[in-house]
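Work through the exercises below with the structure open beside you. Each task is followed by its solution.

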Amino acid sequence: MRLLVTRPEPNAERTAAALRARGHSVLVAPLLRIETMENAEIGPGPFTAILVTSANAALAIVRHARFAQLRALPVFAVGDRSAEAMRAVGFADVTSAHGDVGDLAGLVAERLKRGASLLYLAGADRSGDLAGALSGRGLALRSIIIYRAVAVAALPPAVVAAMTDGIDGVLHFSPRSAETYLDTAHAAGFDENALHRPAHFCMSAQVAQPLQQAGASDIRIAAEPTEAAVMALIPTL
């Protein structure tokens, strides 16, 4: 299949390599650029544990002045990819919830005592409500925005050319990237009919929502919010 990967780097090239290994032709067009906020005010603490819902949190916290101090804390991550990213930058005690923010909230409430103080390394745009999921569980949550995703203004010329010729599928990993795909496709001159040509492989129902609202006809939603589940939607050659 001729596929387009839209997620930010460095994840985009990793996903593309895995798809190429399965025999697909892949174009990479990161529609969001991750900016870390190295001067984010964390607060005095003390904190019992750190929570993360994206691998981008690891890229951001490793650049923060208090990284060495925070690295000793246990980490609870929403999924395996974010857990791996935190381990890779030096956190030793990392536990994955293997799911979404609801699973993460349940795991934290099960493992920690009431009154625990939690530091959430968040992005400016979040697809889940972790604070809401933790509400009423007797835990104190401090959320700090430590990274943000900046949308690109236009699709690369090579991608525009490929879309004009016709692609078979687009992989979407966040609502924001799906929205940016629609915006940049329209800016490149593609009309609503162009949405009906490729299959849209989405990490979750929430990721698929902008595409559904825009009228895309072939939307396939992963069984769970993981990269592996998204790739499982794509036929293997």
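**Exercise 1: a strand pair**

Task: in this predicted model, find how strands β4 and β5 run and how many bridges join them.

Solution: Take β4 at residues 49-52 and β5 at residues 75-77. The two strands run parallel and are joined by 3 bridges. Within this pair, I50 stands opposite V75 of β5.

**Exercise 2: the sheet**

Task: give the strand order of the open sheet, and explain why one side of β3 and of β6 has no neighbour in it.

Solution: Start by listing the 6 strands in order, β3-β8-β7-β4-β5-β6; their pairing is mixed. Next, look at the edges, where β3 (32-36) and β6 (94-96) stand. Each has a single partner strand, so one side of each is left without a neighbour in the sheet. Last, consider the twist: on average, neighbouring strands are turned by 25 degrees against each other, direction ignored.

**Exercise 3: helices on the sheet**

Task: determine which strands helix α5 lies across, and which strands helix α8 touches.

Solution: Helix α5, residues 101-111, lies across β4, β5, β6 and β7 (117-123). Its direction is at about 150 degrees to β5. Helix α8, residues 175-187, packs on the sheet and touches β3 and β8 (140-151). The angle between the directions of α8 and β8 is about 20 degrees.

**Exercise 4: the whole chain**

Task: compare the radius of gyration of the chain with that of a compact globule.

Solution: For 237 residues, a compact globule would have a radius near 18 Å. The chain has 19 Å, which agrees. As for burial, 47% of the 237 residues count as buried.

Note on methods
Residues are numbered from 1 along each chain as its sequence is written. This is a predicted model: local features need pLDDT of at least 70, side-chain atom pairs count only at pLDDT 80 or more; totals for chains, interfaces and linings use all residues. Side-chain values use heavy atoms; hydrogens and water are left out. Two strands pair if DSSP finds at least two bridges between them. Helices (H or I, at least four residues) and strands (E, at least two) are DSSP runs, numbered from the N terminus. Axes are lines fitted to C-alpha atoms, for helices over the stretch in contact, and angles run from 0 to 180 degrees between N-to-C directions. Contact means heavy atoms within 4.5 Å. The radius of gyration is taken over C-alpha atoms; the globule rule is 2.2 Å times the number of residues to the power 0.38. Buried means under 20% relative accessible area, exposed over 50%, partly exposed in between (1.4 Å probe, protein chains only).
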